[in-house]
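Q: Please walk me through the side-chain pairings in this structure, with a close look at how they tie the chain together. I would also like to hear about the surroundings of the ligand.

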Amino acid sequence: MTTPLRLGIAGLGTVGVGVVKIVRQKATLLEQRTGRPVVISAVSARSKGKDRGVNLSGYAWEDDAVALAKRDDVDVFVELMGGENGPAKASIEAAIAAGKHVVTANKALLAHHGQSIAAAAEEKGVVVRYEAAVAGGIPVIKALTEGLAGNEISRVMGVMNGTCNYILTRMQDAGLPYDEVFAEADALGYLEADPNLDVGGIDAGHKLALLASIAFGTQVSFDSMELEGIQRISIEDINLAADMGFKIKLLGVAQLTGRGLEQRMTPCLVPEDSPLGQLTGGTNMVVIEGDAVEQIVLRGPGAGEGPTASAVIGDICDVARGVQYPTFGVPATELIAPTPAHSNSPAPYYLRMSLLDRPGALAKIAAALGETGVSIDRMRQRHNDGTAAPVLIVTHKTQRAAINDAIALMQDSGVLASEPVALRIETI
Ligand code: NAP
Ligand code: HSE
């Protein structure tokens, strides 16, 4: 009889229940695939009495996740509570200190405390695995750390927040304004408890920061990411972009250049016939470029009980097999502290402005662009909507700094009725 791998699971919500179900329903398969039984010793959540639709009677119960993490009958502490600090952080640290391996889906925690957690785990000789933290069911961390281990990675990008992609595609398909689709997403339970994590780009930014660390061997650097959410994207932007053959996506891009680590999670226009342009609903996509492999595209469900539990179980199986490597692919002590760099690679930009409808207003906009060296590719003015004249401009390739300077001049000129929207057009 081989030694079972004994789990302690803290958090019995969407993901935790999904993990319990797979461990119970696929016990034989997991044993065949890992060579040993995978069993649950104990579980923990806030409310012991809650009906979770799964039989927990065979498992010990702990009210306190830290106590669960330290139990003698637990080999792997599975943290599925969430939260950047609080019990998630305390229990993971306690588990590592007690010599337990850790599997988690918690991107917020690792984006902020990944370096110290990785260092502690490596000192103790235990692993911290977090496949489910990035792009749900897509095995992107495994792809980067294992399958692509022989590559110098040049760029990682993708759509990593299913809720934002749902909102943007639903706005386009139904012709509905942002506020209405946001309310729909809320009613469907798609939004995080703090919706700004989704629509503000923070959740996707956490995920990109983890991928960048693995891809470039740098310390996780979430605080230096350029972040912009989708709250200011209007149905008008979506329709105008569609007229020109583009879709709007909350797109993350990370690359290490001579100037430093560029990381941005911002709404961008992408060609509608590109793989990213064709991504609909809550699906995620990650594009990885490496010197040997060239480009690979991974696509799949970014959230939900089954996909996320699938990723957690994948990590648990690796621990059962004895697969052991550093948290971010190279030892924590060797991760480089990155120099943050603003991305300044030239790209065309989409600009939408509302102009006060009076003589010379358009000339002032054109002059502002001319003065900052931004060349206009296409321009369209719509009928005055009652308060102002909507104007759309697509520029030739330019740098974001020049667009920002042009917007500042436009604002000084007093012809803008509201703050302009400026979106990068990303060609992939
Ligand atoms: P959830 O449904 O809200 O469940 C959270 C669970 O944690 C609940 O069982 C809750 O207990 C328990 N919990 C919360 N605070 C606790 C505390 N202080 N002490 C003990 N237990 C506590 O969350 P989820 O959607 O499963 O997400 C779990 C983790 O997976 C998060 O890190 C999330 O970011 C990540 N994730 C989720 C998805 C997804 O699709 N849901 C996808 C990728 C990653 P009660 O049930 O008793 O209230
Ligand atoms: N709120 C996240 C999303 C859940 O919409 O992608 C998965 O991390």
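**Side-chain pairs and the ligand site**

A: Let's start with Tyr 190, which is partly exposed at a relative accessible area of 40%. Please keep in mind throughout that this is a predicted model. Ring pairing is a good place to begin: the count comes to three aromatic pairs. One of them brings Tyr 166 and Tyr 190 together edge-to-face, with 4.9 Å from centre to centre and 85° between the planes. This pair links distant parts of the chain, since Tyr 166 belongs to helix H7 (residues 162–174), while Tyr 190 sits in the loop between helix H8 (178–187) and helix H9 (196–199), 24 residues apart. In contrast to its partly exposed partner, Tyr 166 is buried, with a relative accessible area of 13%.

Another aromatic pair, Tyr 178 with Phe 182, is tilted: the centres are 6.0 Å apart and the planes make an angle of 35°. Here the link is local, because the two residues are four apart in helix H8 and so are separated by about one helical turn. Tyr 178 is buried, at 11% relative accessible area, whereas Phe 182 is partly exposed, at 22%.

Now to the charged side chains. Side chains of opposite charge can pair when their charged atoms come close. A search of the whole structure turns up 24 salt bridges. Among them is the one between Glu 146 and Arg 129, whose closest N and O atoms are 4.0 Å apart. Glu 146 lies in helix H6 (residues 140–147) and Arg 129 in strand S6 (residues 128–129), so this bridge ties together parts that are 17 residues apart in sequence. Glu 146 is partly exposed at 34% relative accessibility, while Arg 129 is buried at 6%.

Helix H6 also contributes Lys 142, which forms a salt bridge with Asp 318, the closest N and O atoms being 2.5 Å apart. That pair links distant parts of the chain: Asp 318 is in helix H12 (residues 305–321), 176 residues away from Lys 142. Lys 142 counts as partly exposed, with a relative accessible area of 28%, and Asp 318 as buried, at 3%.

Elsewhere, Arg 382 and Asp 243 meet in a salt bridge of 3.5 Å, N to O. Again distant parts of the chain are linked: Arg 382 is in the loop between strand S14 (376–381) and strand S15 (389–395), and Asp 243 is in helix H11 (residues 235–243), 139 residues apart. Arg 382 is partly exposed, at 37% relative accessible area. Returning to helix H6 and its partners, salt bridges that share partners join Arg 129, Lys 142, Glu 146, Asp 315, Asp 318 and Arg 321 into one network.

Finally, the ligand. Ligand 1 is surrounded by 21 residues, of which Leu 12, Val 15, Ser 47, Arg 52 and Gly 304 are the closest. By class, this shell has nine nonpolar, eight polar and four charged residues. The backbone takes part in several contacts with ligand oxygens. A polar backbone atom of Leu 12 is 2.8 Å from an oxygen atom of ligand 1, and the corresponding distance for Val 15 is 2.9 Å. For Ser 47, a backbone N or O atom lies 2.7 Å from an oxygen atom of ligand 1. On its own, ligand 1 has 890 Å² of accessible area, and the protein covers 78% of that.

Conventions. Residues numbered from 1 in each chain as written. Chains lettered and ligands numbered in written order. Predicted model: local features only at pLDDT ≥ 70, side-chain atom pairs only at ≥ 80, totals over all residues. Heavy atoms only, no water. Phe/Tyr/Trp six-rings, centres within 6.5 Å; stacked < 30°, edge-to-face > 60°. Buried < 20%, exposed > 50% of the residue type's maximum accessible area, 1.4 Å probe, protein only. Near = heavy atom within 4 Å. Polar contact = N/O pair within 3.5 Å; in protein donor to acceptor, adjacent residues only side chain to side chain. Areas by Shrake-Rupley, 256 points an atom, 1.4 Å probe, with all protein chains shown as cover. Nonpolar A, V, L, I, M, F, W, Y, C, P; charged D, E, K, R; others polar. Salt bridge = Lys/Arg side-chain N within 4 Å of Asp/Glu carboxyl O.
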